[in-house]
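Colleague: Thanks for sitting down with me. Could you walk me through the charged pairs and the burial labels?

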Amino acid sequence: MNKKQTRREFIETSVKTAVGIGIASKLIHGGKAIFASETKSRVVVARNPRAINDRNQCDSSETTALFDKTLYTLTNKTTAAEAWAALGLNEKDIVAIKVNCNSWTIDLSPHKALVNALCASLSAVIPSNSIIVYERTTGDLEEGGFKRNVSNSGVRFFGSDEGGGFDPKQRLTRIITDKCTKVINLASLKCIEGEMAASLFLKNHIGSLIEDDMPKCHGDQDFMAEVSARPSIKNKSILSLCDGLRGTYERGVPWYWKGIIMSKDPVAGEAAAIGVINEKRKQEGENQLDLPESLSIAEKKYNLGTCDLKRIDVLKLEL
Amino acid sequence: MPNRIGLKPIYISFNLFIIFLATGLFYLYSFPINAQSTQISEKLHKIADSVSSAVPEGFIIKGKPRYFGTVEKKLENGTIFDYIDGAGENHIRHGFTGVCHITFENPDGDRIIADIYDMSSTANASSAFEDENICPPDSVLLNIGEKQTKTYNYPPDYMIYFIEKNYLVHLSLENDIYKQNIEAMAVQIINIIKED
């Protein structure tokens, strides 16, 4: 009797428990999903071995495929127009793309194929002449292999030295403060070791500064983060994209990682990029880079994103 | 009234004294710096002029040579931080005073970059050459002429570092099929600096 009751009770209890667990797990899962979408920063870490060969030559269509697939994954959309709309872009916007063309020792300027893929994708929403690719100077852009274009046709390429000067209050190029309505940060996957660890999204905007302020970033982690917190950068930025087709995992030593990193959150994107560099450093027996202090300052003091790995959703793509 | 007339020359003399003093102090402090910075620039200009003619066949100089100094003694195009950003700290530690940056290009768009760093003394140039933050550790040592150089082949790039007198020279080529051409260029640069 006891046995029967026990069995019945056991079965009843089991069924109830199973149903309960099922409902609970669904709720928890649903809850987690809601939590994740509200508080986690998504970073897409994508590679396409066919996008570039080992002589730094890109395949345009493979690079475009890499860019498009990464953008769609980041935004959960299936077309460029939908993806950019999800990022807040509209047809009247003027988009400034900050690139880093520092070519000291190894040229790590962004690959033209990637810049073209980005601009072609943006063209689904805005005219190509509403896109400005800029660097500190036009000369720097030219050294990076880009041709100056200040005409009324096609994507514009020029430096801050031709950008109408600097905003005296924000001490940033007027390309950012006056000319554009949206900003895209296109950094290169560059390891510099030391306290800064890498030159990525935060450091890229040092090139948007008035010249006299540029040396202030050396050794000043707070300053580095604060620049990206200035209203024109913080409020207009819609995307952070890192060109890792060829990057460096130690100072001055190139490596064909053959991928890109994309996020809406520059701090999470930078933390993930350092993670990519660290994976390679581990393979090569190098010490691991710590996340630089500028990232935690950017998170805690300036609310620019998160570098807390528990609050970052890293989605890996392999094309 | 007599008192007022008596004070006026003293007042004028005092003002003149202050002006002379200020002018004297200005020259005392600024002239040696300007003179030194001009001297560095002139030396680099002279070397740059010669290097510009040592370019491998098929290449031509692109734009004008650019000159970068220190924060205290800027050259024409600014400071080393305007050129190599934060990594310039490494060169400063080894006595860097100025760099001349020259770019050459061939019709296919392949570039050669020549950077000639004035490290202010032979000892400083040597210590910079040994610093792995400046010359990465995985070099291949190669004798070019009688000079030991550090070379790096990261396809398609090829780089050479060497020192001569107080100069650290860095040659960077974007297409290693022209490897032998920049090795020949290195020999010419060594001779140019020797003769300087």
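Colleague: Which residues are linked in a network of salt bridges?

Modeller: Keep in mind that this is a predicted model. The network joins A:Arg136, A:Asp140 and A:Glu143 with B:Arg66 and B:Asp82. Over all chains, a search of the whole structure gives 29 salt bridges.

Colleague: Let's take a single pair, then. Why do A:Arg47 and A:Glu318 count as a salt bridge?

Modeller: The N to O distance between their side chains is 2.6 Å. The cut-off is 4 Å between a side-chain nitrogen of Lys or Arg and a carboxyl oxygen of Asp or Glu, so the pair qualifies. The two residues lie 271 residues apart, with A:Arg47 in strand E1 and A:Glu318 in strand E14 of chain A.

Colleague: Is each partner buried, partly exposed or exposed, and why?

Modeller: A:Glu318 has a relative accessibility of 53%, and exposed means over 50%, so A:Glu318 is called exposed. A:Arg47 comes to 22%, which falls between the limits of 20% and 50%, so A:Arg47 is partly exposed.

Colleague: What makes A:Arg55 and B:Asp176 a salt bridge?

Modeller: Their closest N and O atoms are 2.8 Å apart. That is within 4 Å, so the label applies here too. This pair crosses between chains: A:Arg55 sits in the loop between E1 and helix H2 of chain A, and B:Asp176 in the loop between strand E7 and helix H5 of chain B.

Colleague: Why is B:Asp176 called buried?

Modeller: Its relative accessible area is 13%, and buried means under 20%, so B:Asp176 is buried. A:Arg55, at 31%, is partly exposed because that value lies between the two limits.

Colleague: How do you know that A:Lys216 and A:Asp213 form a salt bridge?

Modeller: By the distance again: the closest N and O atoms are 3.1 Å apart, which is within 4 Å, so they do. A:Asp213 has a relative accessible area of 2%, under the 20% limit, and is therefore buried. A:Lys216 is at 42%, so A:Lys216 is partly exposed.

Colleague: And chain B as a whole: how many helices and strands does it have?

Modeller: Chain B has five helices and seven strands, running α-β-α-α-β-β-α-β-β-β-β-α along the sequence.

Colleague: How much of chain B counts as buried?

Modeller: For chain B, 47% of the 196 residues count as buried. Its accessible surface is about 10,100 Å², with 58% belonging to carbon and sulfur atoms.

Note on methods: Residues are numbered from 1 along each chain as its sequence is written. Chains are lettered from A and ligands numbered from 1 in the order in which they are written. This is a predicted model: local features need pLDDT of at least 70, side-chain atom pairs count only at pLDDT 80 or more; totals for chains, interfaces and linings use all residues. Side-chain values use heavy atoms; hydrogens and water are left out. Helices (H or I, at least four residues) and strands (E, at least two) are DSSP runs, numbered from the N terminus. Buried means under 20% relative accessible area, exposed over 50%, partly exposed in between (1.4 Å probe, protein chains only). Accessible areas come from the Shrake-Rupley method with a 1.4 Å probe; for residues, only the protein chains shown count as cover.
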